[in-house]
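Here's a quick walk through a small set of computed features, going from the whole chain down to a helix pair and two single residues. Have a look at the model first.

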Amino acid sequence: ATVARDGVDRALLDAAKEGDRLRFLASLESDEVLADRLSSAVSLTGDASWLTQRLGAVAGLTGNDVAAFARRYLVASNRTVVTLRGPAEAVDGGEPP
């Protein structure tokens with residue numbers, strides 16, 4: 001609710017964007033991985049500029065973008081609750097797998 005109402009602190013958003021950029025670039029650990037990602041992007045989209053578009057899209061995000069996303073998608077009607085149960089609490093009362 002706070003993000004939807006107040007947005008995101010600029011320094012926090014900048015740090016998150018920079019962290020994402022560094023993790024993304026680090027994931028391209030070799031020429032082979034980069035070639036694989038680019039070939040996948042070209043086969044799916046027909047566009048080899050995927051890498052620069054992806055980096056630009058994240059770099060261009062603003063606090064207002066994050067707030068608008070939160071207002072639209074992080075709402076009670078989209079909430080899913082998952083309850084994890086141990087083997088002894090099997091829902092069907094049967095034997096655990």
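What follows starts with the chain overall, then turns to one helix packing and two residues.

**The chain as a whole**

Keep in mind that this is a predicted model. The protein chain has 5 helices and 0 strands, so to speak a plain α-α-α-α-α when you read along the sequence. Out of its 97 residues, 12% count as buried. The accessible surface adds up to about 7700 Å², and carbon and sulfur atoms account for 57% of that. How far apart in sequence are the contacting residues? Taking contacts between residues at least 6 apart in sequence, 57% join residues at least 24 apart.

**How α2 sits against α4**

Two packed helices are described by the angle between their axes and the distance between the axes. Here the pair is helix α2, residues 10–27, and helix α4, residues 50–59. Their packing angle is about 160 degrees, and the axes are 9 Å apart. Angles over 145 degrees count as roughly antiparallel, and that makes α2 roughly antiparallel to α4. As for handedness, the crossing of α2 and α4 is right-handed.

Which residues make the contact? On the α2 side they are K17, D20, R21, F24 and L25, and these meet W50, L51, R54, L55, V58 and A59 of α4. Sorted by type, the residues of this contact come to 7 nonpolar and 4 charged, with no polar ones.

**Two residues and their distant partners**

V66 is found in helix α5, which covers residues 63–73. Is V66 buried or exposed? With a relative accessible area of 24%, V66 falls in between and is partly exposed, because buried would need a value under 20%. Setting aside neighbours within four places in sequence, V66 is in contact with V3, V8 and L13.

E18 belongs to helix α2. E18 is partly exposed as well, at a relative accessible area of 36%.

Each of the two has a partner far along the chain, and the table gives the C-alpha to C-alpha separations.

| Pair | Apart in sequence | C-alpha to C-alpha distance |
|---|---|---|
| V66 and L13 | 53 residues | 9.1 Å |
| E18 and V58 | 40 residues | 9.2 Å |

These pairs tie back to what came before. L13 is one of the residues that V66 is in contact with, while V58 is among the α4 residues that meet α2.

Note on methods: Residues numbered from 1 in each chain as written. Predicted model: local features only at pLDDT ≥ 70, side-chain atom pairs only at ≥ 80, totals over all residues. Heavy atoms only, no water. Axes fitted to C-alpha atoms, helices over the stretch in contact; angles between N-to-C directions. Helix = DSSP H or I, 4+ residues; strand = E, 2+ residues; numbered from the N terminus. Parallel < 35°, antiparallel > 145°, perpendicular 65-115°, else oblique. Left-handed = near helix turned anticlockwise from the far one by under 90°. Contact = heavy atoms within 4.5 Å. Nonpolar A, V, L, I, M, F, W, Y, C, P; charged D, E, K, R; others polar. Buried < 20%, exposed > 50% of the residue type's maximum accessible area, 1.4 Å probe, protein only. Areas by Shrake-Rupley, 256 points an atom, 1.4 Å probe, with all protein chains shown as cover.
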